[in-house]
Structures are given as structure tokens and as C-alpha cells.
Amino acid sequence: MAYKIAIIVGSLREGSINRKVARSICGLRNDNLDCSMVEIGDLPLYNQDLDGNPPEQWLRFREQVGAAHGVLFCSPEYNRGIPGVLKNAIDVGSRPYGQSVFDKKPAAIVTASPGSIGGFGANHQIRQACVFLNMPVMQQPEAYLGHVSDDSFDDKGCLKEGALKEIIVGLAHAFHDWVDMIHRSRQLLAEDSAHRSQKAKEHA
Ligand SMILES: Cc1cc2nc3c(=O)[nH]c(=O)nc-3n(C[C@H](O)[C@H](O)[C@H](O)COP(=O)(O)O)c2cc1C
């Protein structure tokens with residue numbers, strides 16, 4: 001079964017290296033991961049006053065993320081933190097209170113940068129938000145992708161052969177297995193619980 005994955009890219013830049021990394025992950029696992037990019041550039045800034053009458057862009061975003069089995073964040077680091085546009089999208093998806101579309105969805109976080117520490121700061125700020133959002137986040141492999149540039153990709157935007165591609169291949173496989181494990185364990189627990197309830201009724 002192919003799991004539906006919502007990919008949220010924290011860069012609005014047309015030539016974004018993070019978008020290219022995201023596309024590469026989709027391309028490498030398109031038999032098992034049915035990936036869709038969920039656009040965030042048009043989302044009005046989150047304002048709690050609008051919860052009762054939300055903008056259509058918020059509704060579209062919530063619907064797209066809500067329909068997914070898992071979420072992949074691919075983001076640059078801005079000033080050692082989460083780009084504002086991504087934080088806004090996280091806030092929009094997390095509300096109204098009690099109706100977060102992120103709740104319980106397995107996630108992975110990838111940050112790519114031309115710099116040497118690969119967006120470590122942004123990666124962990126996203127991770128911190130995911131803790132509050134109740135998203136089980138893949139722990140390994142960690143993906144702070146440093147020294148990524150346009151030169152890492154060919155003319156079609158695909159990753160060139162090399163160490164970076166090997167990391168991405170490993171990550172794409174691990175993310176599929178992570179999403180699969182979370183969903184299958186939940187299904188088994190639900191079946192087990194139904195079985196126990198049935199047995200309890202029979203013995204009542
Ligand atoms: C406002 C701004 C702040 C940035 N801050 C950082 C930073 O803290 N760490 C870093 O590694 N790169 C930083 N960069 C450089 C980005 O990593 C680089 O522009 C990268 O290509 C952006 O990702 P994208 O190609 O996906 O748009 C910053 C870039 C901008 C525009």
C-alpha cells in the first residue's frame with residue numbers, strides 16, 4: 001500500500017534546494033509513498049479571531065494535510081530557526097484548538113542548507129513543535145543536510161549520484177518503514193482491543 005504523504009516545504013523560492021530534496025524523496029519511493037506538495041505561500045497569517053470564519057486557503061491546507069497518512073517537512077533554516085512561512089503553516093494546521101490536522105501523524109524532518117551545519121537549528125525547532133503537535137517523529141536518520149547547492153542536482157532537478165543521494169535513499173526507505181510501523185501498530189492495537197471487548201462480552 002502506498003501511504004499518502006503531505007510534503008511541506010519551508011521555502012517559497014522557485015529554485016529551492018529543499019523543494020528539490022523533497023521531490024527527490026518522492027521520486028525515490030513513489031511505489032510506496034504517494035507524495036503531494038502542500039503549498040503554504042498563500043496562507044494568510046494565523047489569527048485566532050478568524051477561527052470562526054476561516055480563510056479558504058486555511059481550509060484547503062487543513063484538508064490536504066488531514067487526508068495524509070504522514071507529513072514530511074523539508075525546510076531551510078532562517079537565522080538559525082524555522083522560516084516564518086513554515087511556522088505560520090504549522091500554526092494554521094494546529095487550530096482550532098482540539099482539531100489539529102497534525103495530531104498523531106507520523107513525520108520526518110529534513111533541513112538542507114549550503115552551510116555546513118545543515119539547518120540543525122531549524123530542524124530542532126520543527127521537532128519541538130512536533131512534540132506539542134503529538135506527531136511521532138522519525139528519530140533516525142537525522143537529516144541535517146549541509147553543503148547542498150544547485151550543483152547537487154542535475155538539469156532536471158534530480159540528485160546527482162554521490163553521498164547526498166545515498167543519504168536521501170536511506171532516509172526515504174526509513175520514512176516509509178516509520179509510517180508503516182506507526183499505522184500497522186495502531187491497526188493491531190485496535191484489533192486487539194476489539195478482540196478483548198468481544199471476549200469480555202462473551203464471558204459476561
Ligand atoms: C533570511 C535568510 C536567513 C538565512 N539564515 C540561514 C541560517 O541560519 N542557516 C543557514 O544554514 N542558512 C541560512 N540562510 C541561507 C539558506 O540556507 C539558503 O539561502 C538556502 O538556499 C535556502 O533554502 P532554499 O534553497 O530551500 O530556499 C539564510 C537565508 C535567508 C534568505
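With which residue does E77 form a salt bridge, and how far apart are the closest N and O atoms? In this predicted model, the partner of E77 is R80, and the closest N and O atoms of the pair are 2.7 Å apart. The two residues are set differently with respect to the surface: E77 counts as buried, at 15% relative accessibility, whereas R80 is exposed, with a relative accessible area of 54%. The structure holds 11 salt bridges, and two further examples are described here.

The first of these examples links D151 to K160, with 3.4 Å between the closest N and O atoms. D151 is exposed, its relative accessible area being 57%, while K160 counts as partly exposed at 38% relative accessibility. The second example is formed by the side chains of D192 and R196, which meet at a distance of 3.0 Å from N to O. Both D192 and R196 belong to helix α5, which spans residues 163-203. They are 4 residues apart in this helix, a spacing of about one turn. D192 counts as partly exposed, with a relative accessibility of 33%, and R196 counts as exposed, with a value of 57%.

The cysteines were examined next. A disulfide is a covalent bond between the sulfur atoms of two cysteines. The count of disulfides in the model comes to 0. For C74, the closest cysteine sulfur is that of C26, and because the two sulfurs are 8.0 Å apart, they are too far from each other for a bond. C74 is buried, with a relative accessible area of 0%. C158 is likewise in no disulfide, the nearest cysteine sulfur, again that of C26, being 11 Å away. In terms of accessibility, C158 counts as partly exposed, at 39%.

Strand β1 comprises residues 3-9. Of its 7 residues, 6 are buried, so the strand is largely enclosed by the rest of the structure. β1 pairs with strand β2 (residues 33-37) in the parallel sense, over 5 bridges. Between these two strands the chain passes through helix α1 (residues 17-28), and the resulting β-α-β crossover is right-handed. β1 also runs parallel to strand β3 (residues 70-75), to which 5 bridges join it. Residue I7 illustrates both pairings: I7 stands opposite M37 in β2, and the bridge partner of I7 in β3 is L72.

Finally, the open space at the protein surface was considered. Rolling a probe the size of a water molecule over the atoms shows where empty space is left. The largest pocket contains about 310 Å³ of space. This pocket is lined by 13 residues, of which S94, R95, S100, F132 and L133 are the closest to its centre. Helices α3 (84-94) and α4 (120-132) each supply at least two residues of the lining. The greatest contribution to the lining of the largest pocket comes from α3, with 3 residues.

Conventions
Residues numbered from 1 in each chain as written. Predicted model: local features only at pLDDT ≥ 70, side-chain atom pairs only at ≥ 80, totals over all residues. Heavy atoms only, no water. Salt bridge = Lys/Arg side-chain N within 4 Å of Asp/Glu carboxyl O. Buried < 20%, exposed > 50% of the residue type's maximum accessible area, 1.4 Å probe, protein only. Disulfide = S-S within 2.5 Å. Pairing = 2+ DSSP bridges. Right-handed = clockwise from strand over helix to strand, strands pointing away. 1 Å grid on protein atoms, 1.4 Å probe; cavity = no way out; pocket = protein on both sides within 12 Å on 5 of 7 lines; lining within 4 Å. Points joined across faces, edges and corners; volume = space filled by probe spheres on them.
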